[in-house]
Amino acid sequence: MRPFDYLEPATLEEALALLAEDPDDTLVMAGGTSLVILLKQDLIRPARVLGLRRLAQLGAIESGSAGLRLGALATHGALARADAVRAHAPALAATFAAVATVRIREQATLGGNLAHADPAQDPPVTLLALDASVVAMSKDRARTIPLEALFVDVFETSLEPGELLLRVEVPPLPHGARATYKKFLPNTLDDYATVSVAAVVAAGADGRCTHARIAVGGAGPVPFRAREAERALVGSRLDEAAVREASALAASAAEPIDDLRGSAEYKRAMTRVWAERALREVA
Amino acid sequence: MSEHRIRFTLNGEAVDLTVPAQRLAVDLLRDDLGKTGTKDGCSVGVCGLCTIQVDGAPMSACLLLATQLDGTAVRTVEGLRSPLQEAFIEEGGFQCGICTSGQLMAADALLREKPDATPAEVNDWMMGNLCRCTGYHGIARAIAKAQGAR
């Protein structure tokens with residue numbers, strides 16, 4: 001591994017000031033599971049690494065009337081175990097529990113996961129379906145970014161140089177809504193998903209769909225909301241025909257690539273299949 | 001390149017030393033501190049050979065910088081005293097042995113976190129510790145025996 005300078009600020013203010021000194025050549029490290037691999041493989045060559053591990057307050061997991069506030073340094077393991085997360089949506093806790101292996105879940109953090117922006121990761125998909133946003137802060141300002149606008153391309157986010165991702169905010173679910181996350185793992189259980197689908201669906205007293213949010217991972221350069229599919233579902237009776245139509249629309253929105261987890265054609269087909277499975281569960 | 005003083009406990013004993021920023025925990029443990037029971041396998045956090053416990057949680061020493069151990073309690077297989085060890089011997093929980101220390105450290109963390117884990121939960125927890133000899137049945141039997149011995 002190439003040498004670098006390691007900085008370990010004790011306060012958020014210090015962290016933001018250090019980041020502002022040299023924003024283009026300072027990489028932020030949370031748990032380090034992805035960053036350390038990239039460093040070892042010489043794929044990144046930062047002059048400075050800013051370790052956040054002393055900023056314990058960024059690991060807080062809180063719930064209130066405005067929904068969930070998940071600190072960027074909360075680990076996947078802590079989030080999977082948290083009563084607040086389970087109470088909000090069991091599917092969200094299950095999503096964190098489905099990430100990689102127990103070792104990774106104890107080390108890797110939510111903020112690191114989102115900032116890494118690998119399109120096949122699990123938490124972004126469920127968080128997109130839950131309409132989450134992130135709060136980012138620089139030395140000069142804080143701003144809220146809808147999660148959908150955070151992901152720009154493979155390994156690329158809309159975070160600006162000097163910005164630190166502080167927390168994720170998840171609003172309450174629509175009344176009566178059900179949520180699920182489906183991860184397709186044809187190889188091994190610790191793999192990234194070939195494709196994954198999260199769905200949040202609510203119906204009125206007449207059985208017609210009032211809310212539908214569908215998100216897809218692994219099937220394009222970024223995890224995405226399948227908005228045409230959502231529009232097709234709202235107002236429908238959530239019967240098998242509606243599920244099939246929406247799932248076909250979700251698949252047609254996918255822009256997958258050929259890789260070790262399957263061909264583009266296969267991933268598109270699997271997007272339809274796993275969207276159907278997700279929607280049948282919550283319809 | 002910066003250097004950092006780090007202090008932690010290793011198998012209950014205090015460690016206080018200075019490391020370059022890019023030193024990996026697995027190299028620190030093996031090369032500087034002589035704890036060669038922790039093996040370096042895939043080097044990308046997948047195989048589980050380098051599983052150690054940091055404040056009781058299983059982690060991959062190959063994905064941790066040495067600086068991340070500062071202030072923690074680290075346990076390696078050299079510090080393990082568990083009925084698992086006898087159970088692995090009795091049940092043939094290893095063949096070539098390269099994965100065994102990682103298997104033991106992961107299983108020990110499981111027995112503490114979920115002592116009454118079902119066989120399915122055991123499999124899920126241990127899923128990230130690979131055995132290239134495919135001795136998984138022996139490992140599963142050994143863990144079940146250690147659960148029963150508690």
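1. Start with the hairpin of β12(A) and β13(A) in this predicted model. Five residues lie between the two strands, and among them A:Gly207 takes a positive phi near 85°. The strands themselves, β12 (residues 195-203) of chain A and β13(A), pair in the antiparallel sense over eight bridges. Within that pairing, A:Ala199 stands opposite A:Ile214 of β13(A).

2. β13(A) also takes part in a second hairpin, with β14(A). Here six residues separate the strands, and A:Gly218 in the turn has a positive phi of about 75°. The pairing with β14 (residues 224-225) of chain A is antiparallel and consists of two bridges. A:Phe224 in β14(A) is the bridge partner of A:Val216.

3. Why can β13(A) be called largely enclosed by the rest of the structure? Strand β13 covers residues 209-217 of chain A, and seven of its nine residues are buried, so the surrounding structure encloses most of the strand. A residue counts as buried here because 20 or more other C-beta atoms lie within 10 Å of its own.

4. The largest nonpolar core has 142 residues. The members that touch the most other members are A:Ala129, A:Ala199, A:Ile214, A:Val216, A:Ala246 and B:Ala25. Two of these names, A:Ala199 and A:Ile214, have already appeared as opposite residues in the β12(A)-β13(A) pairing. Which element gives the most to this core? It is α3(B), with seven residues. As general background, nonpolar side chains tend to be buried together in soluble globular proteins.

5. B:Ala25 deserves a separate entry. Not counting residues up to four places away in sequence, B:Ala25 touches B:Ala61, B:Leu64, B:Leu65, B:Ala66, B:Gln68 and B:Leu69.

6. Chain B holds an open sheet of five strands in the order β2-β1-β5-β3-β4, with mixed pairing. Its edge strands are β2 (13-20) and β4 (57-60) of chain B, each of which pairs on one side only. Neighbouring strands of the sheet are turned by 40° against each other on average, with direction ignored. Helix α3 (residues 100-113) of chain B packs on this sheet and touches β3 (51-54) and β4 of chain B. The direction of α3(B) makes about 35° with that of β3(B).

7. At one end of the same strand order, β1 (residues 3-10) of chain B pairs with β2(B) over eight bridges in the antiparallel sense. B:Phe8 stands opposite B:Val15, which belongs to β2(B).

8. Chain B is divided into domain 1 (3-78) and domain 2 (80-149). The centres of these two domains of chain B, taken over C-alpha atoms, are separated by 21 Å. The contact involves 15 residues of domain 1 of chain B and 13 residues of domain 2 of chain B. On the domain 1 side, β3 and β4 of chain B each supply at least two residues, and the largest share, three residues, comes from β3(B). This side of domain 1 of chain B divides into seven nonpolar, six polar and two charged residues.

9. Between the chains, 24 residues of chain B are in contact with 22 residues of chain A. β4(B) gives the most to the chain B side, with four residues. That side has 13 nonpolar, 11 polar and no charged residues.

10. Chain A is divided into domain 1 (5-51), domain 2 (59-170) and domain 3 (178-282). The centres of domain 2 and domain 3 of chain A lie 20 Å apart, taken over C-alpha atoms. Their contact takes 23 residues from domain 2 of chain A and 22 residues from domain 3 of chain A. On the domain 2 side, α5 (90-97), α8 (123-129) and β8 (151-153) of chain A each supply at least two residues. α8(A) gives the most, with five residues. By class, this side of domain 2 of chain A has 15 nonpolar, four polar and four charged residues.

11. Is A:His116 buried or partly exposed? A:His116 lies in helix α7 (residues 110-116) of chain A and has 17 C-beta neighbours inside 10 Å, so this residue counts as partly exposed. Leaving aside neighbours within four places in sequence, A:His116 is in contact with A:Ser34 and A:Phe155. A:His116 and A:Ala10 are 106 residues apart in sequence and 23 Å apart in space, C-alpha to C-alpha.

Methods: Residues are numbered from 1 along each chain as its sequence is written. Chains are lettered from A and ligands numbered from 1 in the order in which they are written. This is a predicted model: local features need pLDDT of at least 70, side-chain atom pairs count only at pLDDT 80 or more; totals for chains, interfaces and linings use all residues. Two strands pair if DSSP finds at least two bridges between them. Axes are lines fitted to C-alpha atoms, for helices over the stretch in contact, and angles run from 0 to 180 degrees between N-to-C directions. Two residues are in contact if their C-beta atoms, placed from the backbone, lie within 7 Å. Ala, Val, Leu, Ile, Met, Phe, Trp, Tyr, Cys and Pro count as nonpolar, Asp, Glu, Lys and Arg as charged, and the others, Gly among them, as polar. Domain bounds come from an automatic or database domain assignment. A nonpolar core is a set of buried Ala, Val, Leu, Ile, Met, Phe, Trp, Tyr and Cys residues joined through C-beta atoms within 7 Å. A residue is buried if 20 or more other C-beta atoms lie within 10 Å of its own, exposed if 12 or fewer, and partly exposed in between; C-beta atoms are placed from the backbone.
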